[in-house]
Amino acid sequence: MSELEKMAVYGNGYEEDEYMMQEDEWDRDLLLDPAWEKQQRKTFTAWCNSHLRKAGTQIENIEDDFRNGLKLMLLLEVISGERLPKPDRGKMRFHKIANVNKALDFITSKGVKLVSIGAEEIVDGNVKMTLGMIWTIILRFAIQDISVEETSAKEGLLLWCQRKTAPYRNVNVQNFHVSWKDGLAFCALIHRHRPDLIDYAKLNKDDALGNLNLAFDIAEKHLDIPKMLDAEDIINTPKPDERAIMTYVSCFYHAFAGAEQAETAANRISKVLGVNQENEKLMEEYERLASELLEWIRRTTPWLENRVSEKTMAQMQRKLEDFREYRRMHKPPKVQEKCQLEINFNTLQTKLRISNRPAFMPSEGKMVSDIASAWQGLEQAEKGFEEWLLTEIRRLQRLDHLAEKFRQKATSHDTWASGKEEILIRKDYESASLMEVRALLRKHEAFESDLSAHQDRVEQIAAIAQELNELDYHDVAAVNQRCQSICDVWDQLGTLTQKRRETLERTEKLLETVEQLFLEYAKRSAPFNSWLEGAMEDLQDMFIVHTIEEVQVKKLVPQRDSALQEELARQHGNERLRRQFAAQANIIGPWIQTRMEEIGRCSLEIGGTLEDQMTQLKQYEHVIVSYKPNIDKLEGDHQLIQESLIFDNKHTNYTMEHIRVGWELLLTTIARTINDIETQILTRDAKGISQQQMNEFRSSFNHFDRGEVEFARIMLLVDPNGSGVVTFQSFIDFMTRETADTDTAEQVIASFRILAADKPYILIDELRRELPRDQAEYCISRMPPYSGPGSVPGALDYTAFSTALYGESDL
């Protein structure tokens with residue numbers, strides 16, 4: 001077996017460990033580099049002596065002084081604090097082998113895996129094997145138990161060095177060899193914990209020898225860390241020995257163990273406070289968004305509930321335009337805000353559960369249920385608002401039509417009645433002959449027939465005026481005034497007509513009497529009458545004047561035909577708009593339904609990781625958002641339909657309201673589903689749930705049998721509010737509730753006690769010294785004064801504060 005195969009290999013409980021592979025590589029390099037062997041010899045000897053001196057002894061030569069096994073056993077007793085079996089005191093070779101075997105058996109009992117290492121090599125003074133054994137002891141008793149956050153052993157020590165030296169210029173610890181050659185890393189470690197020992201600002205990166213000697217001398221003098229390496233050996237070696245550097249650095253770690261304990265406590269508190277601060281920020285954000293959304297709903301709902309109609313079509317059209325602007329511009333962002341608010345609330349509650357905090361209770365009236373209720377009221381008001389607007393527009397349209405019809409008929413009647421009164425009061429009969437009077441009577445009879453014919457028109461005008469009154473026409477006063485004027489004129493014409501007829505008939509009778517007298521006179525005066533008649537015939541020039549108003553029928557017929565053509569063209573346009581809207585709606589409606597089904601299937605599928613589901617959902621979300629222009633175009637087509645006062649569409653079962661509701665539900669569903677996956681990822685990562693366990697939870701949830709005997713008990717845990725709805729997130733919390741590894745109030749109290757040097761209270765200066773500034777001020781502003789035994793001015797009660805972090809409080 002080669003020397004390399006015989007080297008001791010340190011095992012930390014893992015079957016195949018990358019660290020083990022690195023150890024083998026170091027061994028191969030070590031065989032080729034005497035400089036490393038020299039460094040290990042010096043470092044390991046100093047390390048052993050730092051412990052052996054506690055027992056009043058030391059070694060001079062590492063491969064010789066451990067050969068009889070006595071000092072090796074003593075070293076193990078000192079560093080472990082345990083007693084080993086009584087050593088053999090003989091000086092024979094087998095006595096030495098027995099003692100070394102007792103030491104090796106003890107090492108093995110501590111979980112160290114020794115591969116092909118035997119006591120004979122140690123007894124024979126094999127330097128490579130002896131160094132390998134000591135390195136194994138160093139790893140087990142000085143390095144293995146080092147733990148920083150979730151890393152341990154070498155990785156934990158390296159992370160500790162990086163954290164401690166991070167603020168220092170010219171220091172960048174990436175390994176345990178070349179990162180330490182200029183000495184600044186050693187100096188930074190000392191300055192970080194004991195700034196009184198080194199003035200780091202005066203150090204020069206180029207003075208590696210001075211830096212190393214300064215660090216080693218101060219460590220030996222003030223920190224009780226023996227000088228384990230020579231500065232010259234480190235500088236003159238291209239790559240210093242990694243084991244030697246790790247051993248040296250581990251001594252610094254243990255020297256600062258007390259400070260490390262305080263830092264660990266500060267880190268725990270800082271982590272807890274960070275979580276609390278983040279949660280409080282989310283709570284404040286929720287409260288702000290909830291207040292703003294509820295205020296918008298409170299302002300908007302009365303506007304939608306207001307059913308006071310405007311007086312004119314133009315005013316109602318503006319109101320409809322305002323509603324369209326609300327639906328297209330003002331409401332969509334609020335739908336997103338409401339959805340985001342619910343997502344934020346669910347995410348916050350998940351984070352609170354994960355961090356062992358009490359559930360968030362929003363201010364009174366700002367619960368998610370309160371917002372949902374207010375939103376439902378808004379939707380209810382909105383639902384009837386558009387229908388009312390369209391009904392009012394139809395009513396005003398009819399009113400305008402009736403008003404125009406009234407004006408046309410009134411104007412036509414006024415034109416007919418114009419001048420009639422002057423004719424009726426004319427006294428043309430006074431100088432008329434009997435024949436003229438009879439002609440006037442015939443003409444008057446014709447007028448009476450015309451007047452009788454206009455009776456229906458006047459009644460129609462009055463009926464239209466009555467309907468305008470009943471429909472609350474905005475200018476009904478003017479209509480009533482004109483109608484009254486027409487009725488008054490009509491009554492006056494009727495009176496004058498009757499009076500004129502009576503006068504004409506009276507005049508006719510009078511003239512007939514005169515005619516009879518003339519005939520009687522003629523009989524008695526025949527000759528004279530004969531002559532007189534001839535004369536009268538010569539002198540009398542009879543004439544009749546007739547006035548006929550020509551009705552311009554030929555002029556009205558073309559106008560009527562033109563109006564009919566315009567109406568036909570308008571109806572064709574309306575039908576085109578109906579078909580255009582229906583074609584798009586019949587595509588968009590099913591598209592929305594298909595996307596909803598896809599999202600539902602994705603949330604129920606068990607296969608694949610949560611990240612795979614998230615990727616799939618993000619793709620769906622991108623497709624959905626990209627589809628928005630189609631909704632906008634349909635809104636535009638719908639607006640054209642409304643402006644054309646089209647209220648039915650036989651070509652589709654989808655209304656714009658159906659599409660709007662479906663679209664808003666789709667946006668809300670994809671956002672909520674993505675949030676569900678995000679919270680599951682948060683829970684999985686926080687509680688260490690494997691993907692296989694998540695799949696098992698999902699399968700159990702999908703087949704959750706409500707007939708189980710344990711159902712009632714389980715439902716109390718997964719549905720404490722008795723809503724009848726169990727979310728997958730609640731189910732996960734139930735399945736993992738006993739395995740959560742989270743900080744507790746007791747742990748935080750213990751950490752504060754360390755920072756407070758075991759006092760039952762902590763001072764402001766201590767908080768500011770141990771914690772980041774913002775977190776220190778956070779504690780100072782929220783910690784109540786301490787009033788227990790031994791209280792001093794300015795003392796703060798960290799116990800009450802820590803308890804409040806995990807219980808019902810205003811924090």
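These legends walk through several close-up views of a predicted model. Local features need a pLDDT of at least 70, side-chain atom pairs count only at pLDDT 80 or more, and totals for chains, interfaces and linings use all residues. Residues are numbered from 1 along each chain as its sequence is written, and side-chain values use heavy atoms, with hydrogens and water left out.

**View 1. Phe216 and Tyr248 make a stacked ring pair.** Let's begin with rings. The structure holds 26 aromatic pairs, where rings of Phe, Tyr and Trp (its six-membered ring) pair if their centres lie within 6.5 Å. Planes under 30 degrees apart count as stacked, over 60 as edge-to-face and the rest as tilted. For Phe216 and Tyr248, the centres are 4.8 Å apart and the planes differ by 25 degrees. This pair links distant parts of the chain: Phe216 belongs to helix α10 (residues 208–222) and Tyr248 to helix α12 (residues 242–255), 32 residues apart. Helices here are DSSP runs (H or I, at least four residues), numbered from the N terminus. Both Phe216 and Tyr248 are buried, a word that stands for under 20% relative accessible area, while exposed is over 50% and partly exposed is in between (1.4 Å probe, protein chains only).

**View 2. Trp303 and Tyr326 meet edge-to-face.** Why does this pair get that label? The ring planes sit at 70 degrees, with centres 5.6 Å apart, so the pair is edge-to-face. Here, too, distant parts of the chain are linked, with Trp303 in helix α13 (residues 257–305) and Tyr326 in helix α14 (residues 313–354), 23 residues apart. Trp303 is partly exposed at a relative accessible area of 28%, whereas Tyr326 is buried at 3%. Zoom out a little and ring pairs join Trp296, Trp303, Phe323, Tyr326, Trp375, Phe385 and Trp388 into a cluster.

**View 3. Arg140 and Lys420 each have a charge over a ring.** The rule asks for NZ of Lys or CZ of Arg within 6 Å of the ring centre and within 35 degrees of the ring normal. Arg140 lies over the face of Phe141, 5.0 Å from the ring centre. Lys420 places its charged end over the ring of Trp416, also 5.0 Å from the centre.

**View 4. Asp88 and Lys102 join in a salt bridge.** Side chains of opposite charge can pair when their charged atoms come close. A salt bridge is counted when a side-chain nitrogen of Lys or Arg is within 4 Å of a carboxyl oxygen of Asp or Glu, and the whole structure has 52 of them. Between Asp88 and Lys102, the N to O distance is 3.1 Å. Asp88 sits in the loop between α4 (70–80) and α5 (93–109), and Lys102 is in helix α5, 14 residues apart. At 24% relative accessibility, Asp88 is partly exposed.

**View 5. Arg327 takes part in a salt-bridge network.** Which residues are linked in this network? They are Arg327, Lys331, Glu379, Glu382 and Glu664. Arg327 bridges to Glu382, with the closest N and O atoms 2.4 Å apart. Arg327 is in helix α14 and Glu382 in helix α15 (residues 368–417), 55 residues apart. Arg327 also meets Glu664, at 3.3 Å from N to O. Glu664 is in helix α24 (residues 656–687), and this pair spans 337 residues along the chain. Buried or exposed, how does Glu664 count? Glu664 is buried, at 14% relative accessible area, and Arg327 is buried too, at 5%.

**View 6. Leu510, Val514 and Phe518 make a nonpolar surface patch.** Its area is about 290 Å², worked out by the Shrake-Rupley method with a 1.4 Å probe, and for residues only the protein chains shown count as cover. Patch residues have over 30% relative accessible area and no salt bridge; like charges are joined within 9 Å, and nonpolar side chains (Val, Leu, Ile, Met, Phe, Trp, Tyr) within 5 Å. Phe518 is found in helix α19 (residues 476–524) and counts as exposed, at 53% relative accessibility.

**View 7. Cys483 is in no disulfide.** A disulfide needs two cysteine sulfur atoms within 2.5 Å, and the count for this structure is zero. For Cys483, the nearest cysteine sulfur is that of Cys487, 4.2 Å away. Cys483 is buried, at 10% relative accessible area.

Methods: Helices (H or I, at least four residues) and strands (E, at least two) are DSSP runs, numbered from the N terminus.
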